[in-house]
Each structure stands twice: as structure tokens, then as C-alpha cells.
Amino acid sequence: MKRIIVDMMGGDNAPLETIKGVLMAKEELSAEYVLVGDRDELLRVAKENKLSLDGFEIVHTPTVITMEDEAVSVVKAKKDSSMSVGLRLLAEGKGDAFVSTGNTGALFTGANLIVRKIKGTRRPAIAAMLPMNPPVLLLDSGANITVTPEYFEQFAVMGSIYMKKVMGVESPRVGILNNGSEEHKGTELEVEAYKLLSENDDINFVGNIEGNRITRNACDVLVTDGFTGNIFLKTMEGMGAFMIRTLKDLFTASFSTKIAYLLVKSKLGGIKKGLDSAEYGGAPILGIAKPVIKAHGSSKAKAFKNAIRQALACSETDVTGEMSEALMALSERKKAERADDAQKSE
């Protein structure tokens, strides 16, 4: 049975919502759980809310990495924090995956320096699932501000494997987020990345994708740099919340609109669920040797439970193992191409 290591102290709503989330996971998912955090605080909050943590393994840690802490604190000033200890447990083989709602920069740094990258990975990426039908995997969504065309190619490979293994998409379509569909559009980065992806037979590349096409089932994996990706992700989240608020205001404006709401209530529920990022729970950091899932800092119990579900799915499908093989093969192919080019130039 898989063992999921859970950071119980990170995020805005910990530890109450993380406790509720892990209890929901225990009811629904077949796995063992290692809870990392302040033991006394966890037991106190559980007792106050008439919840029980009996039967869970709790690894006590005295400190917490806050949202204000610097990213390097995970390996320096706060090595005794719930996040740092949890990552070390994962690196030491005492669990199969790690979930945290904590500081994104610290988690990304800790995953790189403690758990380590998959061999052959240039830079890991944070992959966020865009809540639409069908869902789209966006990477990078915030980790790598400065990237190269080679990073894009690796993002495409990792994203394709994730969507196939975890989400069940047989041949994931990969697109580059761009300001036009033509292959010459964008900066030099996008133009060069287009060439690399179009020449890679292991990727189902469908070209450049403009922002207004993403909601139209244009691709399954969308690659971009972390700066652009994070802005796009936050804009999508904000627009989803705006749409829900607008619909709510519309259907509560008068007695007649309230009657109309009753007629379409089930359909609106489906729309709300489709726009809810809590359905996917968290963003995997792809390119790390073992699954590390970053749940949203404001996660409530349902979202945290789904982040745990995602971690379990990554572990059970051995997505990191397949990524490792694919990235090593890509790296060897690039070396051979460079050697061949050098020989031709002599």
C-alpha cells in the first residue's frame, strides 16, 4: 500500500482543513498516511472539532514555513519545519509522495534540493490543471521565469506523460501559449521552441495556441514560461470566480429569476464544478524524482483531499519513472545530434 506524506501545517487554513482533508482521504482512498506537523497542535485542533487522528502516524515538527519566509528557509533556517521534514522523509524512501499547501517557492526549492531532480531534467516545472472540460495541463505555471526552447521541449514531454498516465488521455495534444497561431509568431523563444516541438516525434504537437482558443478544446498540454503561465493561471481563476458571482447575482435579482434558477439549478451546478480548481486539488512539480504536489494555499478540505488523490495517482502510475526514461532518451538524442553536427562542421 502506498504511503502519502502530508504537510499538515502549511497554507491559510491549516491545520483544521488539512485534518479534515486527510480524514476524507482516509475514507475514500486506499493508502497509508504520514502526518507531519506540530503534534500537540494537531491533536488540540482535532479534539476541539470532535475529529480523531487515532491510527495515523504523526511525525512531530516544531516549526512551520510561512508564506512570508524566503524559499531557502526550507534547507536553512527552518530545516525542522513540517515541509522540510516531510520532503526529507520522501527523499529517504519513507513515503511514496508528498503533499503540501505551503509556500510555493520553498516547496519548489526543497523538492529540487532535498528530493532532487529526475536525471536528465533541465528544470522541473509546476504543472497546474486548468479547470475546464476537458481539462488542460499548464506548465510552467510559476517556477521558471527565465526559460529556453529546450525547457519547453522537456515541459512538453513531461506534461504529455502526466496527462497520459494520470489523466488517461491517450495521445495528449501539446500547444505553445502564444499571441498567434502562425509558427513565426511570438518572441525568439517561442519561434525556436516551435521548431523543437514540431521535430519531436514523441510529442503530439498541434502548434501555437492563442489565449481565446484554450477553452475550445485546442490542446491537452499548454507550455509556456513561468511568468506568463502564472499570470494566465491567476487570470483564469479570477474569471471563473467572476462568472460564478455574476450568475449568482443574476439569479437572485428578482422573484422571477429565482424561479428560473430552480429550472436550471442542476446545469449551473455542473458549470460551477467544471470551473472549480478544488476538483483537481493541486499542482504536481514535474521533473522531481518522486511525486510532490503543491495544493493551493487557500485549500479547504475537499481540495486537500483531491491533492492527496493526485499524489496517490502519480505514485501508483509511476509517472516519474516514465518521465525519467523519456528525459534520459531525449538527453541522449540531443548529445548525439550535437556530436553529429560537430563532426559535419570539421
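The chain has 10 helices and 12 strands. The model is predicted.

**Exercise 1. Overall dimensions**

Compare the radius of gyration of the chain with that of a compact globule of 346 residues.

Solution.
- Step 1: take the reference. A compact globule with 346 residues would have a radius of gyration near 20 Å.
- Step 2: take the chain. Its radius of gyration is 21 Å, which agrees.
- Step 3: add the box. Along the principal axes, the C-alpha atoms fill roughly 75 × 60 × 35 Å.

**Exercise 2. Burial, contacts and surface**

State what share of the chain is buried, how its contacts span the sequence, and what supplies its exposed area.

Solution.
- Step 1: apply the cut-off. Buried means under 20% relative accessible area. Buried residues make up 48% of the 346 residues.
- Step 2: sort the contacts. Take those between residues at least 6 apart in sequence; 72% of them join residues at least 24 apart.
- Step 3: turn to the surface. The chain exposes about 16,600 Å². Carbon and sulfur atoms supply 52% of that area.
- Step 4: place the charges. There are 44 positive and 46 negative charges, and their mean positions are 6 Å apart.

**Exercise 3. Ordering the sheet**

Give the strand order of the 7-stranded open sheet and name its edges.

Solution.
- Step 1: start at S4 (residues 97–100). Strand S1 (residues 3–7) pairs with S4 in the parallel sense, over 3 bridges. Ile4 stands opposite Ala97 here.
- Step 2: find the other partner in hand. S4 and strand S12 (residues 292–295) run parallel and are joined by 3 bridges. Ser100 has Lys294 of S12 as its bridge partner.
- Step 3: look at S5. With strand S11 (residues 282–286), S5 pairs in the antiparallel sense over 2 bridges. Ala125 stands opposite Leu286 in S11.
- Step 4: write the order. It is S3-S2-S1-S4-S12-S11-S5, an open sheet with mixed pairing.
- Step 5: name the edges. They are strand S3 (57–60) and strand S5 (125–126), and each pairs on one side only.

**Exercise 4. The two faces of S4**

Which residues of strand S4 point one way, which the other way, and are they buried or exposed?

Solution.
- Step 1: recall the rule. Side chains in a regular strand alternate between the two faces of the sheet.
- Step 2: assign the residues. Ala97 and Val99 point one way from S4. Phe98 and Ser100 point the other way.
- Step 3: check burial. Ala97, Phe98, Val99 and Ser100 are all buried.

Key. Residues are numbered from 1 along each chain as its sequence is written. This is a predicted model: local features need pLDDT of at least 70, side-chain atom pairs count only at pLDDT 80 or more; totals for chains, interfaces and linings use all residues. Side-chain values use heavy atoms; hydrogens and water are left out. Helices (H or I, at least four residues) and strands (E, at least two) are DSSP runs, numbered from the N terminus. The radius of gyration is taken over C-alpha atoms; the globule rule is 2.2 Å times the number of residues to the power 0.38. Buried means under 20% relative accessible area, exposed over 50%, partly exposed in between (1.4 Å probe, protein chains only). Contact means heavy atoms within 4.5 Å. Accessible areas come from the Shrake-Rupley method with a 1.4 Å probe; for residues, only the protein chains shown count as cover. Lys and Arg count as positive and Asp and Glu as negative; His and the chain ends are not counted. The place of a charge is taken as NZ of Lys, CZ of Arg, CG of Asp or CD of Glu. Two strands pair if DSSP finds at least two bridges between them.
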